[in-house]
Amino acid sequence: MLVSAKEMLKKAKKERYAVGQFNINNLEWTKAILLTAEENKSPVILGVSEGAGKYMGGYNTVVGMVNGLIRDLNITVPVALHLDHGSYEGVLKVIEAGFSSVMFDGSHYPIEENIEKTKEIIRIASEKGISVEAEVGSIGGEEDGVVGAGELADPSECKAIAELGVTMLAAGIGNIHGKYPANWKGLSFETLEAIKDATGDMPLVLHGGTGIPEDMIKRAISLGVAKINVNTECQLAFAAATRKYIESEKDLEGKGFDPRKLLAPGFEAIKATVKEKMELFGSINKA
Ligand code: G3H
Ligand code: ZN
C-alpha cells in the first residue's frame, strides 16, 4: 500500500539519514527501484514529473502500475508515490488519481503567491492524508522542462512556508538539476544552516542529487536534509549499460533482441545506482 511521506521523513530527520526520491519513467525503472528498496529494507519515494506522467500514459496508469508492482512483488517497505515539481493543476490531477504525496513547485511565483497557492494545496491534500512538499528559492538547471535560476532561498521565506504546515521543504542552496558544471561552487551550507535554524523540525529536501560529492551529502544530512532527489544519475547509468550491450552486439546473438534481454543491463544498472545512493543516504535497514 502507498503511504504518505510524512512518517518516513519524520523518522529520517530524527535519526539523521535521508530517504531517496528516485524518479520513474516506465515499468523497468519502477520495478528496479521497488526491488532495491525491498532487498535493502529501505523506505523509498517514487518521483513522477508531469512530463514522465504523460509519457507513461497518464497518472491513472502510473498509480495502477505502482500499486500492481507493490502487490505482485510483495513490497513491504514504505513506498510514497510523489508528484515531482508539480503545477497547481498537476497536483489536483494526481490527488484524484491516487498519488500519496505531492510537490507543489511555486518557486517561480512571487513569495506571496507561492504562500497562497501552497496553503490551498495543503488544505486539499491534508484532507486525504497526502504529504506536501513546497519549494523556496530555486534549483538551477533544467529538469523535464522545469527551469530554475538557482536562486538561494531566503530563510525567512522558508519559515513562512514551513509554518503553513507543509510536510517537507525544498530550498535552493546552490543545487542544480542534471550534471554539475566543472566550475560549480558547491552547496551553500551557510544558507542551509540558516534555513535549518529558521524551520526547526521541518524535513528539508535536497534536489539535484546527481553528482553531489559524498562529503557534501553527509554534511547536508547532518543539517536537516531528510529527502534527496535523484533522477539524472539513474538515466546515465541506464543509458551507459544499454549502450554497452548494443555495442557489444549482444542484441544480435540468439534472442538478444528480446526487450526483456535488451533492457536487462539497464535495469541492473538502475538497481546498482539506487543501492549505492541508499547506502550513502543511510536509509538501509530503516524500513
Ligand atoms: O526533482 C528531481 C531531482 O531534483 C533530481 O535531480 O536529475 O539532478 O538528480 P537530478
Ligand atoms: Zn528537482
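**Close-up 1. Strand β8 and the two directions of its side chains in the predicted model.** In this predicted model, the residues of strand β8 (residues 168-171) point in two directions, with Met 168 and Ala 170 on one side and Leu 169 and Ala 171 on the other. Whichever way they point, these residues of β8 are buried. On one edge, β8 pairs with strand β5 (residues 131-136) in the parallel sense, and this pairing is built from 4 bridges. One of the residue pairs to look for here is Ala 171 of β8 with its bridge partner Val 136. Strand β8 also pairs with strand β9 (residues 204-206), again in the parallel sense, through 2 bridges. In this second pairing, Leu 169 has Leu 204 of β9 as its bridge partner, while Ala 170 stands opposite Val 205 in β9.

**Close-up 2. The closed barrel and a helix packed on its sheet.** The barrel is closed by 8 strands, which follow one another in the order β1-β2-β3-β4-β5-β8-β9-β10 with parallel pairing. From one strand to the next, the twist has an average of 25 degrees. Helix α5 (residues 88-97) packs on this sheet, where α5 touches both β3 (79-86) and β4 (101-104). The direction of α5 makes an angle of about 160 degrees with the direction of β3.

**Close-up 3. Strand β1 between its two neighbours.** How many of the residues of strand β1 (residues 19-23) are buried? The count is 5 of its 5 residues, and the strand is therefore described as mostly covered, since a residue is called buried if 20 or more other C-beta atoms lie within 10 Å of its own. Both faces of β1 are covered, with Val 19, Gln 21 and Asn 23 buried on one side and Gly 20 and Phe 22 buried on the other. Strand β1 runs parallel to strand β10 (residues 225-230), to which it is joined by 4 bridges, and in that pairing Phe 22 has Val 230 as its bridge partner. Strand β1 is also joined by 3 bridges to strand β2 (residues 44-49), with the two strands running parallel. In β2, the residue that stands opposite Phe 22 is Leu 46.

**Close-up 4. Val 132 in strand β5.** Val 132 is found in strand β5, and the question for this view is whether this residue is buried or exposed. Val 132 is buried, because 27 other C-beta atoms lie within 10 Å. Leaving aside residues up to four places away in sequence, Val 132 touches Val 102, Phe 104, Ile 121, Ile 122, Ala 125, Val 166 and Thr 167. His 82 is 50 residues apart from Val 132 along the chain, and the C-alpha atoms of these two residues are separated by 9.0 Å.

**Close-up 5. Thr 191 in helix α8.** Thr 191 is found in helix α8 (residues 189-199). Thr 191 counts as partly exposed because it has 19 other C-beta atoms within 10 Å. When residues up to four places away in sequence are not counted, Thr 191 touches Leu 152, Ala 153 and Ile 173. The C-alpha atoms of Thr 191 and Gly 145 are separated by 26 Å, and these two residues are 46 residues apart along the chain.

**Close-up 6. Helix α7 packed against helix α8.** Helix α7 (residues 155-162) and helix α8 pack with their axes 9 Å apart, at an angle of about 35 degrees. The crossing of α7 and α8 is right-handed. On the side of α7, the contact is made by Pro 155, Ser 156, Cys 158, Lys 159 and Ala 162, and on the side of α8 it is made by Ala 194, Ile 195, Ala 198 and Thr 199. Sorted by character, the residues of this contact of α7 with α8 are 6 nonpolar, 2 polar and 1 charged.

**Close-up 7. Helix α2 crossing helix α12.** The axes of helix α2 (residues 27-39) and helix α12 (residues 264-281) come within 9 Å of each other and cross at roughly 40 degrees. This crossing angle is why α2 is described as oblique to α12. The crossing of α2 and α12 is right-handed. Glu 28, Trp 29, Ala 32, Ile 33, Leu 35 and Thr 36 in α2 meet Gly 266, Phe 267, Ile 270, Lys 271, Val 274 and Lys 275 in α12. The residues of this contact of α2 with α12 comprise 7 nonpolar, 2 polar and 3 charged.

Note on methods:
Residues numbered from 1 in each chain as written. Chains lettered and ligands numbered in written order. Predicted model: local features only at pLDDT ≥ 70, side-chain atom pairs only at ≥ 80, totals over all residues. Axes fitted to C-alpha atoms, helices over the stretch in contact; angles between N-to-C directions. Parallel < 35°, antiparallel > 145°, perpendicular 65-115°, else oblique. Left-handed = near helix turned anticlockwise from the far one by under 90°. Contact = placed C-beta atoms within 7 Å. Nonpolar A, V, L, I, M, F, W, Y, C, P; charged D, E, K, R; others polar. Buried ≥ 20, exposed ≤ 12 C-beta atoms within 10 Å, placed from the backbone. Pairing = 2+ DSSP bridges.
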